[in-house]
Amino acid sequence: MLLISCPNCGPRDETEFHYGGQAHIAYPENPNDLTDREWAEYLFYRENTKGTFAERWVHSTGCRQWFNMLRDTVSYDIHSIYAMGQPRPDTTGEYGQAGGAGLAPGAPTTSTAAAAPTSSEGV
Ligand SMILES: [Zn+2]
């Protein structure tokens, strides 16, 4: 269970909040100029970060205000909560680059494990 500090109401249980997806997705300046693919990418393509991730939340059973949160998607640690419209705080440090492709030790196995059952002796 997360304890989320609403900027207006203070610490509250996560059940009072709703997740709003990735933060800092700018609406296209001229949507009519976009191709169908570009529009679809704007609507549906989001990062799937392992580590610190900027996301939107709304305090739906409280003040009903939206805010941004920097949260670690692995440990669920909340690094920062900041207002809508503010730039993402700098988070260089303990987790390296956000969205890095490096795998942590103990990360899901690679194709070598998946290839094992296909060998003729294993069956
Ligand atoms: Zn609130």
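pLDDT is the predictor's confidence in each residue, from 0 to 100. Keep that score in mind as you go through these views, since the model shown here is predicted.

**Figure 1. Confidence along the chain varies, and the C-terminal stretch scores low.** Over residues 94–123 the pLDDT stays under 50. For this stretch the model has 13 contacts beyond four places in sequence. Across the protein, the pLDDT averages 81, and 74% of the residues score at least 70.

**Figure 2. Two helices and six strands make up the secondary structure of the protein.** Try tracing the chain from its beginning: the pattern reads β-β-β-α-β-β-β-α. How many of the 123 residues count as buried, as a percentage? The figure is 7%. Now think about contacts between residues at least 6 apart in sequence: 52% of these join residues at least 24 apart.

**Figure 3. Strand 1 and strand 2 form a hairpin.** Three residues join the two strands. Strand 2 covers residues 10–13, and its pairing with strand 1 is antiparallel, over four bridges. To find your way across the pair, start at Ile4 and look for Arg12, which stands opposite in strand 2.

**Figure 4. Cys6 sits in strand 1 and has contacts further along the chain.** Strand 1 spans residues 3–6. Is Cys6 buried, exposed or partly exposed? Cys6 has 18 other C-beta atoms within 10 Å, so this residue is partly exposed; 20 or more would be needed to count as buried. Setting aside neighbours within four places in sequence, the contacts of Cys6 are Arg12, His59, Gly62 and Cys63. Take Gly62 as an example: 56 residues separate Cys6 and Gly62 in sequence, and their C-alpha atoms are 9.0 Å apart in space.

**Figure 5. Four strands build an open sheet with antiparallel pairing.** What is the order of the strands in this sheet? Reading across, the order is 3-4-5-6. Strand 3 (18–22) and strand 6 (78–83) are at the edges; each has a single partner strand, so one side of each has no neighbour in the sheet. From one strand to the next, the twist averages 30 degrees. As a reminder, strands of a sheet pair through backbone hydrogen bonds, either parallel or antiparallel.

**Figure 6. Strand 4 and strand 5 are antiparallel partners joined over seven bridges.** Strand 4 takes in residues 52–58, and strand 5 takes in residues 66–72. Which residue of strand 5 is the bridge partner of Thr52? Look for Asp72. While you follow these strands, remember that in a regular strand the side chains alternate between the two faces of the sheet.

**Figure 7. A hairpin links strand 5 to strand 6, with Tyr76 in the turn.** Five residues lie between the two strands, which pair in the antiparallel sense over five bridges. One bridge to look for joins Arg71 to Ile78 in strand 6. Tyr76 has a positive phi of about 65 degrees, although this residue is not a glycine. Because Tyr76 has 10 other C-beta atoms within 10 Å, it is exposed; the limit for that class is 12 or fewer.

**Figure 8. His24 and Tyr27 belong to the loop between strand 3 and helix 1.** Helix 1 covers residues 36–44. His24 is not a glycine, yet its phi is positive, near 65 degrees. With 13 C-beta neighbours inside 10 Å, His24 counts as partly exposed. Tyr27, for its part, is exposed, with 6 other C-beta atoms within 10 Å. If you look from Tyr27 towards Leu43, you span 16 residues in sequence and 9.4 Å in space, C-alpha to C-alpha.

**Figure 9. Arg88 lies in the loop between strand 6 and helix 2.** Helix 2 covers residues 111–115. Which residues does Arg88 contact, leaving aside its neighbours within four places in sequence? They are His24, Ala54 and Leu70. Arg88 has 14 C-beta neighbours inside 10 Å and so counts as partly exposed. Phe53 is another residue to find in this view: Arg88 and Phe53 are 35 residues apart in sequence, with 9.8 Å between their C-alpha atoms.

Note on methods. Residues numbered from 1 in each chain as written. Predicted model: local features only at pLDDT ≥ 70, side-chain atom pairs only at ≥ 80, totals over all residues. Contact = placed C-beta atoms within 7 Å. Pairing = 2+ DSSP bridges. Axes fitted to C-alpha atoms, helices over the stretch in contact; angles between N-to-C directions.
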